[in-house]
Structure formats: structure tokens, C-alpha cells
Amino acid sequence: MKFLIVNGPNINMLGVREPDIYGTLTYEGLCDTIAQAARGMGVEVEFFQSNSEGDIVTAIQNALGRMDGIVINPAAYTHTSVAILDALKAVALPAAEVHISDVTRREAFRQRSFAGMACRYHFVGEGRDGYVHALETLKRDIEGSLIILHAMPRSEWEACRAVGAVGAHLPEGGFLHCSPVEYFWRVAPGHYADGGDYVLLCIDVKKVPAPVKWEAGPHNPSRYYPHIYGACPVSAVTAVLPLRMDSRGQFLKNPELSGYENR
Ligand code: DQA
């Protein structure tokens with residue numbers, strides 16, 4: 001499996017540019033980190049960085065037929081470039097958008113992402129780890145093993161089945177909280193330990209048409225959770241498992257979920 005890692009303007013200035021925002025790691029250091037992680041995952045990576053919009057468009061076009069996916073930080077072009085969006089749409093490869101800084105907490109002009117509209121996953125504010133996380137997530141996605149979880153009372157699930165979707169009535173800008181398998185067991189005690197009859201929905205991210213954004217959890221800013229910004233069709237729910245506890249009130253990990261840890 002081979003991935004193109006695209007970085008836009010001024011990413012070559014990492015280490016020098018605004019270290020309070022982007023840290024002290026250089027672009028070369030960033031590439032080393034990603035290359036090492038890729039080796040560990042058994043995937044190949046090719047790096048491309050340019051300060052020119054047209055060159056980035058060409059690099060994306062050239063990925064067609066050669067790459068299995070794209071990890072892209074379009075940098076400032078994120079917020080302006082319809083051409084990069086169109087290139088990503090044209091090649092239609094699974095893509096993940098990465099931003100080193102948490103753009104969602106910065107200036108208003110950074111709140112819009114054109115390229116992001118063609119990306120299945122978004123990782124913001126994780127620093128260099130965002131690229132590695134993006135790579136892992138795309139690999140899992142392509143392998144068909146990316147599963148995220150959403151728990152709800154069984155009665156609510158029955159109601160969702162009747163309408164054909166989970167989160168059919170989300171408010172404007174609302175999202176469905178989900179969790180990667182390995183984090184679910186950490187958050188479960190805080191939400192589902194009241195003895196209620198809960199089910200665990202296993203959602204195949206590939207079957208979800210709405211954007212899935214990986215965003216920092218409220219209690220631990222270094223832990224990222226997938227949020228589905230829109231309804232999740234019932235057909236994307238590949239399994240419905242009971243949420244069980246033992247006599248000491250400890251959650252019992254469902255054996256069906258072993259091997260699905262994403263990170
Ligand atoms: C950036 C965020 C962009 O808004 C900015 O123009 C960049 C870097 C990031 O990685 O945080 O150059 O993409």
C-alpha cells in the first residue's frame with residue numbers, strides 16, 4: 001500500500017516559522033517521523049512539498065494509478081484553493097486532511113477548508129502525530145477494518161432502525177459522538193455504567209456518507225475521537241453488540257471487537 005504525503009506552502013519552513021504555533025520540528029524531521037511510522041505499518045510513503053498551487057494540483061493528479069491514498073496538509077491553500085479540491089475530487093483517492101495546528105481555534109479565515117471537502121478524514125491540532133494518525137486511519141479504511149463505535153439505549157436503536165438512520169434529527173452543525181475501539185472502554189464508565197440496556201453499534205466508516213472528523217476529546221486534548229457530521233445510515237452499522245458488565249461493574253470487552261483497535 002502506498003501513500004502520497006502532500007504538504008503545501010511554508011511547511012518547508014517548519015522549525016523556523018512561528019514555533020509557538022507549529023513547534024520546533026523541521027520539515028525533514030517531520031518526514032523522518034512519518035517514514036519511520038510508515039515502515040512500522042508496512043506501508044510505503046512518497047513525500048511532496050511545494051509552495052505553488054499548480055504544482056500541488058499536478059502532484060495530486062500524478063497520484064492516480066500510483067497511490068492508494070493521499071494525506072494532505074494544503075497549508076494556506078486549504079482556505080482558498082478550489083483547484084486543489086477539484087484535483088482531489090478528480091483522482092477520488094481516499095484522502096485525509098491534516099493540520100499541525102488546531103485551525104478550528106484560530107482566525108475566522110482559517111475556518112473554511114476547500115480541500116477538506118474531498119477528504120474522508122480530518123486531523124487537526126495533533127502536530128506531527130496527525131500525519132501518522134491519518135496514515136493509520138487510511139490504511140485501516142482501505143483494508144476494510146476501520147470500525148468506530150457508538151453506544152445508545154437499545155430502545156433508541158430500535159427507533160433509529162425504524163427511520164433507517166442514526167442521528168437523523170441532528171441539530172444544524174451537530175454531530176454523532178463516536179469512539180475508536182481502543183478508547184471506547186475508557187469512556188464507557190463515564191456514560192453507560194448506570195445499568196441501562198445499551199447496545200454498541202459498530203460503524204463501518206466507509207459506508208458513512210457524511211464527513212467523519214477526528215477531533216480532540218473534551219477531557220483529554222491528545223485523544224482524538226471520530227465525529228460524524230450528519231446522519232449515519234443503518235446500513236453502515238455492521239454489528240450491534242450488547243454492552244455488558246461483570247459483577248464488579250467492569251465492562252466486558254466484546255470478543256468480536258478484538259483486532260479492530262485503530263491506534
Ligand atoms: C496549517 C494551518 C493553515 O491555516 C496555515 O496556513 C498553514 C499550516 C497547519 O498545518 O496548521 O500554513 O495548515
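Start by selecting G42: this glycine follows α2, and its phi is positive, near 75°. Keep in mind as you click around that the model is predicted.

**Back along α2**

From G42, step back into the helix that comes before. Select residues 27-41 and you have α2, 15 residues in all. Put a distance between its first and last C-alpha and you should get 21 Å, close to the 21 Å expected at 1.5 Å a residue. Now colour the buried positions: Y27, G29, L30, C31, I34, A35, A37, A38 and M41. While they are lit up, think about how a helix repeats: an α-helix has 3.6 residues a turn, so residues three or four places apart point the same way. What covers the buried residues of α2? Show β1 (2-7), β2 (44-49) and α5 (129-143), which are included in that cover.

**Over to α5**

Since α5 is already on screen, stay with it. Its 15 residues should span 21 Å at 1.5 Å a residue, and the end C-alpha atoms are indeed 21 Å apart, so the two values agree. This helix is mostly covered, with 11 of its 15 residues buried. Select G130, Y131, V132, H133, A134, L135, E136, T137, L138, K139 and D141 to see the buried set. Just past the helix comes another glycine to click on: G144 follows α5 with a positive phi, near 85°.

**Into the ligand site**

Next, centre on the ligand. Which residues are around it? Select R17, Y22, N73, A75, A76, H79, H99, I100, S101, V103 and R110. Sorted by class, that shell has 5 nonpolar, 4 polar and 2 charged residues.

Three distances to ligand oxygen atoms deserve a label:

- S101: an N or O atom in its side chain is 2.6 Å from an oxygen of the ligand.
- R110: a polar side-chain atom sits 2.8 Å from a ligand oxygen.
- A76: here a backbone N or O atom is 3.2 Å from an oxygen of the ligand.

Taken alone, the ligand exposes 320 Å², and the protein buries 98% of that.

**One shell residue up close: N73**

Keep the ligand visible and zoom in on N73, which belongs to strand β3 (residues 69-73). Buried or exposed? N73 counts as buried because its relative accessibility is 2%, below the 20% cut-off. Follow its side chain to two other members of the ligand shell. It reaches the backbone nitrogen of A75 at 2.9 Å, and it makes a polar contact with the side chain of H99 at 3.4 Å. For the wider surroundings, leave aside neighbours within four places in sequence: N73 is in contact with V6, N7, G8, I11, V98, H99, I100 and Y131. You have already met Y131 as one of the buried residues of α5.

**A tryptophan in α7**

Now jump to W185, in helix α7 (residues 181-191). At 13% relative accessibility, W185 counts as buried. Not counting residues up to four places away in sequence, W185 touches L200, L243, F251, L252, K253, N254 and L257. Try the pair with L252: the two residues are 67 apart along the chain, and their C-alpha atoms are separated by 8.8 Å.

**Last stop: A90**

Finish on A90, found in helix α4 (residues 82-91). At 58% relative accessibility, A90 counts as exposed. Draw one more C-alpha distance, from A90 to Y229: these residues are 139 apart along the chain, with a separation of 23 Å.

Technical notes. Residues numbered from 1 in each chain as written. Predicted model: local features only at pLDDT ≥ 70, side-chain atom pairs only at ≥ 80, totals over all residues. Heavy atoms only, no water. Near = heavy atom within 4 Å. Polar contact = N/O pair within 3.5 Å; in protein donor to acceptor, adjacent residues only side chain to side chain. Areas by Shrake-Rupley, 256 points an atom, 1.4 Å probe, with all protein chains shown as cover. Nonpolar A, V, L, I, M, F, W, Y, C, P; charged D, E, K, R; others polar. Helix = DSSP H or I, 4+ residues; strand = E, 2+ residues; numbered from the N terminus. Expected span 1.5 Å × (residues − 1). Buried < 20%, exposed > 50% of the residue type's maximum accessible area, 1.4 Å probe, protein only. Contact = heavy atoms within 4.5 Å.
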